[in-house]
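Visitor: Could you take me through a close look at one part of this assembly, namely a single chain and the places where chains meet? I would like one connected account rather than scattered remarks.

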Protein chains: 4
Amino acid sequence: MSPVRVGVVGYGYWGPNVTRNLYALEACEVVMLADRNPAALQKARRTYPSLAVTTDPAEVLTAPDIDAVAIVTPVWTHYELARTALEHGKHVFVEKPFTSSSSQAEELIELAARKNLRIMVDHTFLFTGAVKKIRELIDTGALGPLLYFDSSRINLGLFQHDVSVVWDLAPHDLAIMDHVIGEKPQAVVATGGTHFGKHADIAFLTVYFPGNVLAHINVNWMSPVKVRTTLIGGREKMLVWNDLEVDEKVKVYDKGMTVTSAEGVYDLLVSYRSGDVWAPRVEQTEALKVELGYFLDCVTGGLTPLNDGAAGLRVVRMLEAADLSLDARGKVVPLS
Amino acid sequence: MSPVRVGVVGYGYWGPNVTRNLYALEACEVVMLADRNPAALQKARRTYPSLAVTTDPAEVLTAPDIDAVAIVTPVWTHYELARTALEHGKHVFVEKPFTSSSSQAEELIELAARKNLRIMVDHTFLFTGAVKKIRELIDTGALGPLLYFDSSRINLGLFQHDVSVVWDLAPHDLAIMDHVIGEKPQAVVATGGTHFGKHADIAFLTVYFPGNVLAHINVNWMSPVKVRTTLIGGREKMLVWNDLEVDEKVKVYDKGMTVTSAEGVYDLLVSYRSGDVWAPRVEQTEALKVELGYFLDCVTGGLTPLNDGAAGLRVVRMLEAADLSLDARGKVVPLS
Amino acid sequence: MSPVRVGVVGYGYWGPNVTRNLYALEACEVVMLADRNPAALQKARRTYPSLAVTTDPAEVLTAPDIDAVAIVTPVWTHYELARTALEHGKHVFVEKPFTSSSSQAEELIELAARKNLRIMVDHTFLFTGAVKKIRELIDTGALGPLLYFDSSRINLGLFQHDVSVVWDLAPHDLAIMDHVIGEKPQAVVATGGTHFGKHADIAFLTVYFPGNVLAHINVNWMSPVKVRTTLIGGREKMLVWNDLEVDEKVKVYDKGMTVTSAEGVYDLLVSYRSGDVWAPRVEQTEALKVELGYFLDCVTGGLTPLNDGAAGLRVVRMLEAADLSLDARGKVVPLS
Amino acid sequence: MSPVRVGVVGYGYWGPNVTRNLYALEACEVVMLADRNPAALQKARRTYPSLAVTTDPAEVLTAPDIDAVAIVTPVWTHYELARTALEHGKHVFVEKPFTSSSSQAEELIELAARKNLRIMVDHTFLFTGAVKKIRELIDTGALGPLLYFDSSRINLGLFQHDVSVVWDLAPHDLAIMDHVIGEKPQAVVATGGTHFGKHADIAFLTVYFPGNVLAHINVNWMSPVKVRTTLIGGREKMLVWNDLEVDEKVKVYDKGMTVTSAEGVYDLLVSYRSGDVWAPRVEQTEALKVELGYFLDCVTGGLTPLNDGAAGLRVVRMLEAADLSLDARGKVVPLS
């Protein structure tokens, strides 16, 4: 099969990783790279001397010999770039968050459908060994019915110029949450604060799901310590995912509660079970490489990715709701 | 000086600790113990063979030879017991949370004022070496102006029959927060869920303070792991208090951010400073003993405790606001 | 069945724990306590007002109404006290290390055999949930053939006046090692140093076992951090026991090596297997209570304890060998 | 100043790191690379398309336009390669351990002296921020007189075909120890075992220094967990260096002991001091880059590196002594 011809737009913080992994995939031929910053292009040329480069993204987005583009730029540019690419018949791999607004996302999804093109939103974490294992534990019922999802993603900086900590860090957790819970969220509450610049630099999101499932996300650019921890409680078992652990990222606790009687106010008797702890081995492959290989498969095979435009849209809708709630200091914002 | 004659009401989970520490204090004479449960009294008699015991709290609350009572019972009994004690001229040491409602708390405070008696609410953590050190670091300006306070107090159980996880666990954090921030909170937002019984078993509180200071409290009875961690961010330094650490409970990070320019959207430049980490030695004395000694001092010297009825009332008001917010799935509840 | 009548000699650091646990056992009646220090006796009387006390150990060791004695005194007194007790027909529970020399231990063992009395040496760790689980994992073959045992027991102080860090801390590890390896050691090498006083305050022991099994013990009174960690490597699995962990003391690693070829110097190919990690739940009961209950059972039922005089002697022989080796800066000392 | 022209021999595990860092240094021009394995050369060419490569090391070692060579090959090849390079007037940067024997090392040192050429042995750790900070803490007297050095370097694999775990892992610790203690060691004791192949796969080294300073090194290829921890005890302060920590690699404990009296056996009173803990910020630059820059400086400026041939020889002598001791199951081997 002839390789998918890919163009890359953006060679800032994440672009080099996307490019490096595309180069490593045999099913892919990297054709051209665009970045408005000549210094970025120069850096790219040092690593890939034969790569065609340009400061004009349109060259990549409209090139006739390109099948798909990877858009690795700030979120406020996604809509324009993706629309141009789709209009010129290119499949699109785009950084998270998908777009700056849900209406933009809806428009791109419709355009791609009309043109029969794929959109994949770079929800990289879905392709890590840890998230795959967590999804498997939930899908097979090992945890039992879910109770809650509680995630912390905090560290010192990097402050973004153009977005809040919610749009910068929470998309990771929202995409993971969307993927492993697999239910439609009902409402969002967000609280937080702005201390430097114009955007929130600390925020706490609560997402309500049907069946009394609760999700909470703690994002913070001003923490002295880096934390990447998610607790997931089920009625049968519970798990802790610490992404900073090298070897035992996911730990499953054979712990749970049973209501043994609840006749009156004083009769509630919750009994606890506390058993073994188990750290299943999780795949160690680079998630981005797995994801990009899957993107190429979807392009070649005409498959709909699990992290398609619709998944991207779901995350953007929650981000919009969080913004509304945050502005009103914690108002409940229903998701239709 | 003759010792303060103290009666104890309640010998359940915490009562034995209060009693043991009162016995250890020379300035105190433990005169009588009441508990409705004869088994509890029997247990007490094994340890303190000479202690007078009764199943009728009124005996303690009205005894003419008792100067002060320690009320170590469930929160819904505090008001009645404390009122009776005050009416009979006894100083009151009472478990946290102070009362079931702010109106009860206000009534007790007024009664004590009228009778010139002391009320102390058992906010034990204020007397730990860790909280004293944190207060000192804030008061001396070592942290710089505060940015946020973010606390997690989660573990498996113990479910309470009569109160939610908010009334059970959050009073600790609210009392500490009240003590170290020292400002009047403006509003509370609480989200959470109820999975077993009638009361919330997981909750997330945000408390807004003037000057853009934000507090967040995560309480959960359904966590597979025990966490007792508080992050406090200041403009100059930041600290992490991990109460489960044996030796280095409080760590101070010489880390911070400076806005070096903020002219336009793209001009915000936040620079980071990352220096040494320092774990100051903190006192290891038993906090409850220190606190009860201080109670005796306040009784003898006619001093107003820092954890007086007013401090207890401030915590109860936040708990009430949290309940209102929780019932409305995250409504902003202003604190007058 | 009538309870075993026990006398206790020694109420210093560990004596109160032995006494408290004996009191808690229904099969036991604590008859008398001896300690040369009147202050220690006074302290005991406050807790056990009805307990007969004496400053003369002989009173306990020779009392006609006492069936067994617990000797909880410094090691240099064990031989005299135990011999007197045995001569007067008492069963003996004695602190570790058993005696100051192997000849003393041999004499006591012979005397007890002649009089048909039990000796139990207080190797408390054998009765912890962790060591029971480790022994079970080895006995059932879960770890495969053993490769090594590597233990660290280090902290700041407490310096002993009368013994080295080897005699103070290593008996724990030697007793555990003896119990879980279950083979006769061949030789001991010890290195170390003396910086304060006359006895070694840091030492490293290597014990050679048949079949190329190697044990290593690191003991140190001058460490800024407390470590209680034992690694045990087997051909099938490996484990780490961290006794300072509250919840996951024993972790079993499904890791191992296989030699896939070894034809020439460059052909050795060791392949690694790395699978799940598993923290089995271990019993949380107080080991000393379990051990003392077992002592009473052995006395009543005429059973030979697993931690009998012979077990104590095996540890003393290794300590003697370690002393010889240490004095010669690391000479190999064979164990006959 | 014209750049130093460097040739590299060996592009296996570590060679790519050396090459990458040489390329990053402006004072250096990488002229040629040799590796007997064509696949390695092909890999190098993909990254450095313009680099001249050869399967014959002699081409690099004798090339007239090369000033210095980096020898990044197995230890048994060092002597031949380094000798040829020196004979052809090249300065030499060589992997640790320096040579397979002390006589080889002595010969190379003498040859370099005669030819006025530099030898640098790649003791990379000396150029880490952590070791620099530790050396500084010792040199400035902050720790007080040293008591001991205790290092663990254990993990699962990688088994080496041609050397034991002692020659593979201990050179790191021996080089660090040599650097920070700065005294001539007196004797070595090594114990250990061989379970797979022909070489020891677990070993424990004790090195005796004057003034009762003791060093201990624990190396193990069969550990289920990776440990990289060094404890250094001084009379004033103590430190723990955990190289696996990302942020707080070095912690200094204000802990110590004082002998307050030592008149008789029972009069020894050691008192403990326990104060703050402090994690100084350490440099985060890549050590290998710093070291290679220093190599170029030494070459250009005619300076003797601190990690010169003599430093390499000191490490090799301890390795030889350890081998002798290991073969004799722990004999004391004096260092002349």
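Guide: In this predicted model, chain A is built from nine helices and 15 strands. Its radius of gyration is 21 Å, close to the 20 Å that the globule rule gives for 336 residues, so chain A is as compact as a globular protein of that length. Measured out along its principal axes, the C-alpha trace of chain A spans about 75 × 45 × 40 Å.

The domain assignment divides chain A into domain 1, residues 4–117, and domain 2, which is made of 126–285 + 318–334. Taken over C-alpha atoms, the centres of these two domains of chain A are 31 Å apart. Where they touch, domain 1 of chain A contributes seven residues and domain 2 of chain A also contributes seven residues; on the domain 1 side, the residues are four nonpolar, two polar and one charged.

Two backbone details of chain A deserve a careful look. The peptide bond between A:K96 and A:P97 is cis, with omega at about -10°, and A:P97 sits in the loop that runs between β5 (91–94) and α5 (102–115) of chain A. In chain B, the bond from B:K96 to B:P97 is likewise cis, with omega near -10°, and B:P97 is found in the loop between β5 (91–94) and α5 (102–115) of chain B. The other detail is A:N212, a residue other than glycine whose phi is positive, near 65°; A:N212 lies in the loop between β9 and β10 of chain A.

Those two strands lead on to the meeting of chains A and B, in which 44 residues of chain A are in contact with 44 residues of chain B. On the chain A side, at least two residues each come from β7 (146–156), β8 (187–193), β9 (202–208), β10 (214–220), β11 (222–234), β12 (238–242), β13 (250–261) and β14 (269–279). The largest share, six residues, is supplied by β11(A). Sorted by class, this side of chain A holds 27 nonpolar, 13 polar and four charged residues.

The relation between the two chains can also be stated as a rotation: turning chain A by 180°, with 0.0 Å of shift along the axis, superposes it on chain B with an RMSD of 0.1 Å. The two copies are therefore related as by a two-fold rotation axis. In chain A, the C-alpha nearest that axis belongs to A:K331, at 2.7 Å from it. The same surface serves both copies, as 100% of the contact residues of chain A recur in chain B.

Chain B also meets chain D, with nine residues of chain B in contact with nine residues of chain D. The chain B side of that contact divides into four nonpolar, two polar and three charged residues.

Within chain D, an open sheet of six strands follows the order β3-β2-β1-β4-β5-β6, with parallel pairing. Its edge strands are β3 (52–54) and β6 (119–121) of chain D, each of which pairs on one side only, and the twist from one strand to the next averages 20°. At one end of this order, β5 (residues 91–94) of chain D pairs with β6(D) in the parallel sense over three bridges, and D:F93 stands opposite D:M120 in β6(D). Helix α8 (residues 287–301) of chain D lies across β1 (4–9), β2 (28–34), β4 (68–71), β5 and β6 of chain D, and runs at about 125° to β1(D).

Note on methods
Residues are numbered from 1 along each chain as its sequence is written. Chains are lettered from A and ligands numbered from 1 in the order in which they are written. This is a predicted model: local features need pLDDT of at least 70, side-chain atom pairs count only at pLDDT 80 or more; totals for chains, interfaces and linings use all residues. Ala, Val, Leu, Ile, Met, Phe, Trp, Tyr, Cys and Pro count as nonpolar, Asp, Glu, Lys and Arg as charged, and the others, Gly among them, as polar. Copies are superposed by least squares on the C-alpha atoms of residues with pLDDT of at least 70 in both. Helices (H or I, at least four residues) and strands (E, at least two) are DSSP runs, numbered from the N terminus. Two strands pair if DSSP finds at least two bridges between them. Axes are lines fitted to C-alpha atoms, for helices over the stretch in contact, and angles run from 0 to 180 degrees between N-to-C directions. Domain bounds come from an automatic or database domain assignment. The radius of gyration is taken over C-alpha atoms; the globule rule is 2.2 Å times the number of residues to the power 0.38.
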